Amino acid sequence: MSQTPLERNIIVRHTIIESIHKTNYNPCKITLITGSPGTGKSTFLKDFVSRFPDSIFASFFCQWDTYRKNSASRIIKNIAYQLQKNNDTFCIELYKQLETTSVDAICSMDTDELFDNIILLPLEKTSLTSRKY
């Protein structure tokens with residue numbers, strides 16, 4: 001009995017999910033999923049998160065034609081928000097970092113500096129960067 005295209009697609013997706021999970025299971029690793037509209041990126045990630053809920057600490061869905069969803073600074077701020085919400089230690093370290101930086105300074109940072117200040121520096125002080133899998 002041959003498989004339908006949908007059944008083949010599900011098998012391929014599960015194989016890819018298992019492969020990504022095995023090779024990239026590191027909370028400091030960033031995986032970028034790209035593709036044309038309608039190719040199943042959101043469905044793929046929904047399936048991945050449902051199978052490995054502890055593997056994802058933060059995510060962001062970009063949309064090329066929507067400023068709210070394609071601005072680098074908004075992506076960085078959104079990821080920092082999710083990390084602080086999902087990890088108490090990161091939340092504490094981010095708060096410490098923000099105590100030493102004014103709102104005006106944060107708003108005027110370029111993307112590299114923003115990433116360093118509200119993601120990288122707090123993350124380096126958490127157990128997320130030292131976990132072994």
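This report walks through the fold, the core, three of the helices and a few single residues of one protein chain.

## The chain as a whole

What you see above is a predicted model. The chain is built from six helices and has zero strands, so read from the N terminus its elements run α-α-α-α-α-α. The chain has 133 residues, and 25% of them count as buried. Its accessible surface comes to about 9500 Å², and carbon and sulfur atoms hold 55% of that surface. Contacts also link distant parts of the sequence: among contacts with a separation of 6 or more, 59% join residues 24 or more positions apart.

## The nonpolar core

A good place to begin looking is the largest nonpolar core, which has 13 residues. The members that touch the most others are Ile76, Leu83, Phe90, Leu114, Ile118 and Ile119. Three elements give two or more residues to this core: helix H3 (72-86), helix H4 (88-99) and helix H6 (111-124). In soluble globular proteins, nonpolar side chains tend to be buried together.

Two of these core members show how the parts meet. Isoleucine 76 is in contact with Thr111, Leu114, Phe115, Ile118 and Ile119, leaving aside its neighbours within four places in sequence. Leucine 83, found in helix H3, touches Phe57, Ala58, Phe90 and Ile119, not counting residues up to four places away in sequence. Is leucine 83 buried or exposed? Its relative accessibility is 8%, and the cut-off for buried is under 20%, so leucine 83 counts as buried. One of its contacts, alanine 58, is 25 residues away in sequence, yet the two C-alpha atoms are 6.0 Å apart in space.

## Helices H3 and H4

Helix H3 has 15 residues. From its first C-alpha to its last, H3 reaches 21 Å, close to the 21 Å expected at 1.5 Å a residue. Its buried residues are Ile76, Ile79, Ala80, Gln82, Leu83 and Gln84, and they pack against H4 and H6.

Between H3 and H4 there is a loop, and asparagine 87 has its place there. With a relative accessibility of 11%, asparagine 87 counts as buried. Its C-alpha atom is separated by 10.0 Å from that of leucine 123, which is 36 residues apart from it along the chain.

Helix H4 comes next, with twelve residues. At 1.5 Å a residue they should span 16 Å, and the end C-alpha atoms are 17 Å apart, which agrees. Which residues of H4 are buried? They are Phe90, Glu93, Leu94 and Gln97. These residues cover an arc of only 100 degrees around the axis, so they sit on the same side of H4. On the other side, Asp88, Tyr95 and Glu99 are exposed. What covers the buried residues of H4 includes H3 and H6.

## A salt bridge within H4

How many salt bridges does a search of the whole structure find? It finds one. The side chains of glutamate 93 and lysine 96 meet in a salt bridge, at 3.4 Å from N to O. Side chains of opposite charge can pair when their charged atoms come close. The two residues are three apart in helix H4, which means they are separated by about one helical turn. Glutamate 93 is buried, with a relative accessible area of 13%, whereas lysine 96 is partly exposed, at 43%.

## Helix H2

Helix H2 covers residues 41-51, and Phe44, Asp47 and Phe48 are its buried residues. Why do they lie on the same side of H2? Because they cover an arc of only 100 degrees around the axis. On the other side of H2, Lys46 and Ser50 are exposed.

Phenylalanine 48 lies in this helix, H2, and counts as buried at 8% relative accessibility. In sequence, phenylalanine 48 and glutamate 18 are 30 residues apart, while in space they are 8.6 Å apart, C-alpha to C-alpha.

## Pairs to find in the model

The table gathers the three C-alpha pairs described above, so that you can look for them in the structure.

| Pair | Separation in sequence | C-alpha to C-alpha |
|---|---|---|
| Leucine 83 and alanine 58 | 25 residues | 6.0 Å |
| Phenylalanine 48 and glutamate 18 | 30 residues | 8.6 Å |
| Asparagine 87 and leucine 123 | 36 residues | 10.0 Å |

How values were computed:
Residues numbered from 1 in each chain as written. Predicted model: local features only at pLDDT ≥ 70, side-chain atom pairs only at ≥ 80, totals over all residues. Heavy atoms only, no water. Helix = DSSP H or I, 4+ residues; strand = E, 2+ residues; numbered from the N terminus. Buried < 20%, exposed > 50% of the residue type's maximum accessible area, 1.4 Å probe, protein only. Contact = heavy atoms within 4.5 Å. Areas by Shrake-Rupley, 256 points an atom, 1.4 Å probe, with all protein chains shown as cover. Core = buried A, V, L, I, M, F, W, Y, C linked by side-chain atoms within 4.5 Å. Expected span 1.5 Å × (residues − 1). Arc of directions from axis to C-beta. Salt bridge = Lys/Arg side-chain N within 4 Å of Asp/Glu carboxyl O.
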